Amino acid sequence: MKITLQQLQHSVGLTRVVIHSLDFSIYLAYADFGAEPLLVTEADGKPLRTRNVTEMKQRLAGVPLPALFLRHQSAYDEMVGQPLRAGDNSLEVPLARDWSDFPEGQ
């Protein structure tokens, strides 16, 4: 399922946006409304895709974000010849939306 960036800017019930880090510096955004995450797209239906996290955050600036996360799925096990894990090996970290999100003095 998909949602355009324009629809996302006016949506209700958004709980968080997760930026997925893919191979070769490709970032995609997924909107979470509590059910299956929705791929964020441009108006023409193509995925909203950027080359870095800062650019993605700039593109999402007009969206009222309750929470923003970065997710990276490691290929380490596969690279060293380990068997596939039964569970997910994703790393997910919270992101500040801008510098004002940091406590003063840090």
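Strands S1 and S4 pair in the parallel sense, with 3 bridges joining residues 2-4 of S1 to their partner strand. The model in view is a predicted one, and this pairing is a good place to begin reading it. Within the pair, threonine 4 stands opposite threonine 41 of S4.

A closer look at these two threonines helps to picture the pairing. Threonine 4 belongs to strand S1 and has a relative accessible area of 17%; because this is under the 20% cut-off, threonine 4 counts as buried. Beyond residues up to four places away in sequence, threonine 4 touches Thr41, Glu42 and Ala43. Threonine 41, for its part, sits in strand S4. Its relative accessible area is 2%, so threonine 41 is buried as well. With neighbours within four places in sequence set aside, the contacts of threonine 41 include Lys2, Ile3, Thr4 and Leu5. Lys46, Pro47 and Leu48 are also in contact with threonine 41.

Strand S4 has a second partner to meet. S3, which spans residues 26-32, pairs with S4 in the antiparallel sense over 2 bridges. Here alanine 31 has leucine 38 of S4 as its bridge partner. S3 and S4 form a hairpin with 5 residues between the strands, and in this hairpin glycine 34 adopts a positive phi near 100°.

How, then, are the two faces of S4 covered? Across residues 38-41, Leu38 and Val40 are buried on one side, while Leu39 and Thr41 are buried on the other. Leucine 38, the bridge partner of alanine 31, and threonine 41, which stands opposite threonine 4, thus both reappear in this description of the strand.

Technical notes
Residues numbered from 1 in each chain as written. Predicted model: local features only at pLDDT ≥ 70, side-chain atom pairs only at ≥ 80, totals over all residues. Heavy atoms only, no water. Buried < 20%, exposed > 50% of the residue type's maximum accessible area, 1.4 Å probe, protein only. Helix = DSSP H or I, 4+ residues; strand = E, 2+ residues; numbered from the N terminus. Pairing = 2+ DSSP bridges. Contact = heavy atoms within 4.5 Å.
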